[in-house]
Amino acid sequence: MHNVTAMSEEQAAIKDAVERTCAAFPAEYWRKVDETGEWPEAFTKAMAEGGWLGVAMPEEVGGAGLGLTEAAIVMQTVTRSGAGFSGASAIHLNIFGPKPLERFGTAEQKQVHLPKIISGEQKMCFAVTEPNSGLDTSSLETKAERTNSGYVINGRKIWTTGAQRADKILIIARTTPKDQCAKPYLGLSLFYTDFNRGQIDAKPIPKMGRKAVECNMLYIDGLEVPREDLIGEEGEGFKYLLQGLNPERVLFAVEAIGLGFAALERASQYAKERVVFGRPIGQNQGVAHPLARCWAELSAAELLSYKAAKLFDDGLDCGAEANAAKYLGAEAGFNACEASVLAHGGMGYAKEYDVERYMREAMIARIAPVSREMILNFISERVLGLPKSY
Amino acid sequence: MKVLVPVKRVIDYNVRPRVKPDGTGVDLANVKMAMNPFCEISIEEAVRLKEKGVATEIVVVSIGPQQAQETIRVGLAMGGDRGILVQTDQTVEPLAVAKILKAIVDAEQPGLVITGKQAIDDDANQTGQMLAALLGWPQGTFASEIVKDGDKLKVTREVDGGLQTVALNLPAVVTTDLRLNEPRFASLPNIMKAKQKKIDMKTPADYGVDIAPRLAVVKVAEPRKREAGEKVADVDTLISKLKTAGAI
């Protein structure tokens, strides 16, 4: 795993320490939580205790004050260890999820919440997407109406990760009707508030993979939010959310890439050991070349991901690179997992060899947090200057 | 009590070493390097002594190339307080290392030196013993337990016949064995703190030690490849085969 240049001493130390932390959670651990659907608590705790949740948070609130590059190294190392998205998604939100709070929260909000998020004491979830407004965030229907003491929120959210165990929720809701706003994305406000189970009903969604890290449908009925839980200015919530989008794309990219490399390692090992017709199957170019091609694709996507991270860390625009990295990383990651299943033959379909889990999990990065098509739309319009199609 | 922990940068124990084609040594180009595992155990023990209030300061020392700074930094992230790098790109034999360490001990005046019993690269297993001899200090080698007992240090040693416990007067030199402890790995906050810790840069000349090698390496070769075995049907065939081979 590399930066665009060689890794610094500190980055190498980070990678090494995360590798060692993950080494305590072998394939059997992830196979088991994938079967039972239990949250990987022990892993989450180990990562919190090592301080890894605070990698990109400022030092004054207990973080390490490092950049997206280091956060990406952490997350790629996690999936690369074989933890895959079962591991990465359990902590992914903590890395850049609290950024709106850190950037736009009051000093008090930051001091109260961020140290607890970093230590893992406070478990947050993120409620943006809705059943009737996926990528079209400005059309979201959840409403926050003013009361004497603050707001009351009503609506539905979908794909909220970790809502079963969360005690806090970062939620975006419309505070001014769209037709009364100058721009469609105005009038949305962001809140960081208690996950009050009396007023929020969270139902897990049975899904293709990553059973251990649940995603939920939320039914929010009369959630009372004190005024001090509003983040920043009323009506500016969408703008705050945008800050976290590019970093999140880069993290998804490297997570998929790490998983792809993990799959390739398993497949190459198997292809070396499995003897058919008197020789290891990896000696056949029909088996070897697909794996080699995946390595090349992963490496290329990795370079672009770390370039995007570097641009972000240098305060430069990284929209095109971050989007393209997420596109290429997700595709390369999935291709590597698929090729690895195929290289295993029948055993690739058996849970014992883990690559089938990797392949199911690798689909996540192709879909979330933004579809391949919307990425291509972004590049078509913003980079190539083509007319908007939707 | 100040504790001095000498550490060595070696080829990572997970890496399969390859011998250079000309047989002059092990190929280290683009190979992952790491702290010698026994040195990690030594740091861990020093940190535990500090946590118990026995040690007050942990000084991590390495003798080697510029990159050995990274190895020291790992030790500082585990809990060391400061570092000393004696920089040289030459091969340093155990006696030269022991002489440099003696000079550092003279300057630093630690109450205890904890070092690995050997480094996994050349498996010399000499430095600790030589250092104790040069200093005229007691030594407890192959330690599997270290306990401060009044003004003495009780060291349990792993010897051929079992376990031997010795009581050392301080100051002393202890070399660590595999079962002494399980080293921690650095947390992110400690990696960040380690960046601020000081590493003094020195050279062998600063200590007046001549490190010119006394030995010449004649040849380095890979172990002979194990040849394929043979499966036999029963014990009788096995015995007759072994007899034919002259093994019994």
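This passage describes the interface between chains A and B, the aromatic pairs, the unusual backbone geometry and the surroundings of one buried glutamine in a predicted model.

In the predicted model, the two chains meet through 17 residues of chain A, which are in contact with 14 residues of chain B. The size of an interface is often given as the accessible area lost when the parts come together. For chain A and chain B the buried area is about 1,200 Å², and carbon and sulfur atoms give 63% of this area. On the side of chain A, Glu9(A), Glu10(A) and Arg20(A) together supply 46% of the area that this chain buries against chain B, which is more than any other three residues supply.

Charged and polar interactions cross this interface as well. Four salt bridges are found between chain A and chain B, and one of the salt bridges at hand is formed by Lys32(B) with Asp16(A), whose closest N and O atoms are 3.7 Å apart. The count of residue pairs in polar contact between the two chains, with both residues at pLDDT 80 or more, is four. Helix H1 of chain A, spanning residues 9–23, contributes nine residues to the side of chain A that touches chain B, and this is the largest share. Classified by residue type, that side of chain A has seven nonpolar, four polar and six charged residues.

Turning to aromatic residues, a search of the whole structure gives 10 aromatic pairs over all chains. The ring centres of Phe25(A) and Phe43(A) lie 5.5 Å apart with the planes at 90 degrees, so this pair is edge-to-face. The pair links distant parts of the chain, since Phe25(A) is in the loop between H1 and helix H2 (27–36) of chain A, whereas Phe43(A), 18 residues apart from Phe25(A), is in helix H3 (residues 41–49) of chain A. Both partners are buried: the relative accessible area is 10% for Phe25(A) and 0% for Phe43(A). A second pair, Phe85(A) with Phe252(A), is stacked, with 6.3 Å from centre to centre and 25 degrees between the planes. Because Phe85(A) lies in helix H4 (residues 68–96) of chain A and Phe252(A) in helix H8 (residues 245–273) of chain A, this stacked pair ties together parts that are 167 residues apart in sequence. Phe85(A) counts as buried at 0% relative accessibility, and Phe252(A) is likewise buried, with a relative accessible area of 8%. Returning to the edge-to-face pair, Phe25(A) and Phe43(A) also belong to one aromatic cluster that they form with Tyr29(A) and Trp30(A).

Several backbone features were also examined. Most residues other than glycine have a negative phi, and most peptide bonds are trans. In chain A, the peptide bond from Ala368(A) to Pro369(A) is cis, with omega near -10 degrees, and Pro369(A) lies in the loop between helix H11 (355–367) and helix H12 (372–383) of that chain. In chain B, the peptide bond from Leu170(B) to Pro171(B) is cis, with omega near 0 degrees, and Pro171(B) is found in the loop between strand S9 (162–169) and strand S10 (172–176) of chain B. Positive phi values in residues other than glycine include that of Trp159(A), near 65 degrees, and that of Asp123(B), near 50 degrees. Trp159(A) is placed in strand S3 (residues 150–161) of chain A and counts as partly exposed at 45% relative accessibility. Asp123(B), by contrast, is in the loop between strand S6 (112–116) and helix H4 (127–135) of chain B, and its relative accessible area of 44% makes Asp123(B) partly exposed.

A final site concerns Gln122(A), which is in the loop between helix H6 (107–119) and strand S1 (124–127) of chain A. With a relative accessible area of 7%, Gln122(A) is buried. The side chain of Gln122(A) makes a polar contact of 3.3 Å with the side chain of His113(A), and a polar contact of 2.7 Å joins the side chains of Gln122(A) and Tyr192(A). When residues up to four places away in sequence are not counted, Gln122(A) touches both of these partners together with Lys116(A), Ile117(A), Asp167(A) and Lys168(A).

Definitions and conventions:
Residues are numbered from 1 along each chain as its sequence is written. Chains are lettered from A and ligands numbered from 1 in the order in which they are written. This is a predicted model: local features need pLDDT of at least 70, side-chain atom pairs count only at pLDDT 80 or more; totals for chains, interfaces and linings use all residues. Side-chain values use heavy atoms; hydrogens and water are left out. Contact means heavy atoms within 4.5 Å. Buried area is the accessible area (1.4 Å probe) that two parts lose on being put together, summed over both. A salt bridge is a side-chain nitrogen of Lys or Arg within 4 Å of a carboxyl oxygen of Asp or Glu. A polar contact is a pair of N or O atoms within 3.5 Å; within protein, one must be able to donate a hydrogen and the other to accept it, and residues adjacent in sequence count only if both atoms are side-chain atoms. Helices (H or I, at least four residues) and strands (E, at least two) are DSSP runs, numbered from the N terminus. Ala, Val, Leu, Ile, Met, Phe, Trp, Tyr, Cys and Pro count as nonpolar, Asp, Glu, Lys and Arg as charged, and the others, Gly among them, as polar. Rings of Phe, Tyr and Trp (its six-membered ring) pair if their centres lie within 6.5 Å; planes under 30 degrees apart count as stacked, over 60 as edge-to-face and the rest as tilted. Buried means under 20% relative accessible area, exposed over 50%, partly exposed in between (1.4 Å probe, protein chains only).
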